[in-house]
Amino acid sequence: VPIIRIMVGVGPEGYLATIDRVQREFDARLPLLERYGVTVGVQNHSGPMVANAMGLRNLVGKYDPRCFAAIWDAGHEALVGEPPEQALDIIWSHLAMVNLKNAVWRRTNPDAPVAEWQHYWLRGPDGLASWPRVAAELQRRQYTGVVCLTAEYTDEARVEEFIGQDLVFAKGLFRNE
């Protein structure tokens, strides 16, 4: 097992205290990771989590990326609003994997006086994350690591249809088609 993917939720103690606690946990696990050659990859996730590239960098930046690295998720990054070029620049030194998925925010209460929103996962070309910009930046930086299509769609009945379309779309982007 070369890499173990985790996400870090913000605990009741708050964001900064959570980061301090998790880094202490990371410090305690370093000898085992080094001994067995395993990397813990932390993925960004929107919501009360380590949500963006800056949060990932803050969490893993002080560690050797062979032990603690970033798994950058373009869809979750787009939901919190960071441009892909900036996000990739921030976490480049620790980038272990890229997740390609896409989402938009949809209003859940159209007739209410105060809007409430929920994310909706959809095909690669249809969301807030610009897969062409992500692919262009990865190619510009000569990225050779893993790109994962997570096949996460809100319309679960169309997963096979959508993942096929996204695979074709992503392949075209990385071939510069």
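## Salt bridges between helices α4 and α5

E85 has a relative accessibility of 27% and therefore counts as partly exposed, in this model, which is a predicted one. Its side chain forms a salt bridge with R133, with the closest N and O atoms 2.7 Å apart. This pair links distant parts of the chain, since E85 belongs to helix α4 (residues 84–91) and R133 to helix α5, with their positions 48 residues apart in sequence. R133, at 39% relative accessibility, likewise counts as partly exposed.

A network of salt bridges also links D89, E137, R140 and R141. Side chains of opposite charge can pair when their charged atoms come close. Under the rule of a Lys or Arg side-chain nitrogen within 4 Å of a carboxyl oxygen of Asp or Glu, the count of salt bridges comes to 11.

## R21 and its two partners

R21 takes part in a salt bridge with E13, in which the N to O distance is 2.8 Å, and in another with E25, in which that distance is 3.2 Å. E25 and R21 both lie in helix α1 (residues 15–36), where they are 4 residues apart, or about one turn of the helix.

The three residues are described by their relative accessibility as follows: R21 is partly exposed at 29%, E13 is partly exposed at 36%, and E25 is partly exposed at 32%.

## Helix α6 and its buried side

Helix α6 (residues 159–174) is made up of 16 residues and reaches 22 Å from its first C-alpha to its last, which is close to the 22 Å expected at 1.5 Å a residue. The buried residues of α6 are F162, D166, A170, G172 and L173. They cover an arc of only 155° around the axis, and so they are placed on the same side of α6.

These buried residues of α6 pack against β4 (95–100), β6, α5 and β7 (146–149). On the face of α6 that is turned away from the buried side, the exposed residues E160 and V168 are found.

## Positive phi angles in two loops

Two residues other than glycine have a positive phi, and each lies in a loop that adjoins β7. For Q142, which lies in the loop between α5 and β7, phi is near 60°, and with a relative accessibility of 66% this residue counts as exposed.

For A151, whose place is in the loop between β7 and α6, phi is near 55°. A151 has a relative accessibility of 29%, and it therefore counts as partly exposed.

## R106 and the nonpolar surface patch

R106 lies in strand β5 (residues 102–107) and is partly exposed, with a relative accessible area of 40%. When residues up to four places away in sequence are not counted, R106 touches E116, W117, Q118 and Y120. R106 and R158 are 52 residues apart in sequence, and their C-alpha atoms are 19 Å apart in space.

W117, one of the residues that R106 touches, also belongs to a nonpolar patch on the surface, which W117 forms with W105 and L128 and which has about 340 Å² of accessible area for the three together. Within this patch, L128 lies in the loop between β6 (117–122) and α5 (131–140), and its relative accessible area of 45% makes L128 partly exposed.

Notes:
Residues numbered from 1 in each chain as written. Predicted model: local features only at pLDDT ≥ 70, side-chain atom pairs only at ≥ 80, totals over all residues. Heavy atoms only, no water. Patch = residues over 30% accessible without salt bridge, like charges linked within 9 Å, V, L, I, M, F, W, Y side chains within 5 Å. Areas by Shrake-Rupley, 256 points an atom, 1.4 Å probe, with all protein chains shown as cover. Buried < 20%, exposed > 50% of the residue type's maximum accessible area, 1.4 Å probe, protein only. Expected span 1.5 Å × (residues − 1). Arc of directions from axis to C-beta. Contact = heavy atoms within 4.5 Å.
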